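Biologist: I would like a close look at one part of this protein, explained for someone new to structures. Could you walk me through how its helices pack?

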Amino acid sequence: MRCPFCGGDETQVKDSRPTEDNTAIRRRRICNTCGGRFTTFERVQLRELMVLKRSNRRVPFDREKLMRSVQIAVRKRPVDPEKIERMVSGIVRQLESSGESEITAETIGNHVMEGLKGIDDVAYVRFASVYKNFREAKDFEALLDELSDSDGQPVKNT
């Protein structure tokens with residue numbers, strides 16, 4: 001493992017333990033060159049997934065990119081980071097266990113929207129507005145109407 005501080009390639013594992021949801025191993029490491037300490041995570045990857053983009057390009061699935069997009073949606077919202085981690089891990093498990101090696105970006109986006117809908121309405125609307133490429137205020141109105149219809153409660157403006 002290469003040190004993120006000095007680039008040295010001799011690091012030593014000082015501590016290993018499973019994450020809270022038991023989907024990864026957390027390893028504390030120390031660099032033998034500069035003494036820097038850092039954490040790495042080791043996850044099981046059931047299969048190599050490719051994402052088919054709307055432009056028909058194929059790119060390797062990147063869990064970290066998925067996590068970043070969800071974190072942007074929940075930024076400054078009272079959402080427990082552990083809920084986000086569980087949601088992303090669940091999406092990855094669904095994708096890997098689907099039996100498909102090629103997943104459309106639309107499928108991933110739908111999984112994220114479904115997950116965010118159950119966690120935070122504002123994060124859901126934020127993600128949907130980018131994912132569905134909203135251009136006008138009426139696009140937001142339609143989504144908010146859909147959201148209020150699905151749970152029977154009007155969406156509160158805060």
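Biologist: To begin with, is the crossing of α1 and α2 right-handed or left-handed?

Modeller: Happy to help! Please keep in mind that this is a predicted model. The crossing you ask about, that of α1 and α2, is right-handed. Let us build up the picture around it.

Helix α1 is made of residues 63–74, and helix α2 of residues 81–97. Two packed helices are described by the angle between their axes and the distance between the axes. For α1 and α2, the axes come within 10 Å and cross at roughly 140°. An angle has to be over 145 degrees to count as roughly antiparallel, so α1 and α2 are oblique to each other.

Which residues make the contact? On the α1 side they are R63, L66, M67, V70 and V74. On the α2 side they are I84, E85, M87, V88, S89, I91 and V92. Sorted by class, this contact has nine nonpolar residues, one polar residue and two charged residues.

Now zoom in on E85, which sits in α2. Its relative accessible area is 17%. Buried means under 20%, so E85 counts as buried. If we set aside its neighbours within four places in sequence, E85 is in contact with D21, R43, R63 and M67. Of these partners, R63 and M67 also belong to the α1 side of the helix contact.

For a residue in a loop, look at T23, which lies between β1 (11–18) and β2 (24–31). T23 has 23% relative accessibility and therefore counts as partly exposed. Although T23 and G90 are 67 residues apart along the chain, their C-alpha atoms are separated by 9.7 Å.

There is a second helix pair to set beside the one you asked about. Helix α3 (residues 105–119) and helix α4 (residues 121–131) pack at an angle of about 160°, and their axes are 8 Å apart. That angle makes α3 roughly antiparallel to α4. Here α3 passes α4 in a left-handed crossing. Among the residues in this contact are V112, M113 and L116 of α3, together with Y124, F127 and Y131 of α4. By class, the contact has nine nonpolar, two polar and three charged residues.

Finally, the UniProt record, an unreviewed entry, annotates residues 49–139 as "domain: ATP-cone". Over that stretch the chain is 64% helix and 10% strand, and the end C-alpha atoms are 32 Å apart.

How values were computed
Residues numbered from 1 in each chain as written. Predicted model: local features only at pLDDT ≥ 70, side-chain atom pairs only at ≥ 80, totals over all residues. Heavy atoms only, no water. Axes fitted to C-alpha atoms, helices over the stretch in contact; angles between N-to-C directions. Helix = DSSP H or I, 4+ residues; strand = E, 2+ residues; numbered from the N terminus. Parallel < 35°, antiparallel > 145°, perpendicular 65-115°, else oblique. Left-handed = near helix turned anticlockwise from the far one by under 90°. Contact = heavy atoms within 4.5 Å. Nonpolar A, V, L, I, M, F, W, Y, C, P; charged D, E, K, R; others polar. Buried < 20%, exposed > 50% of the residue type's maximum accessible area, 1.4 Å probe, protein only. UniProt positions renumbered as here; feature names shortened; annotations may be inferred.
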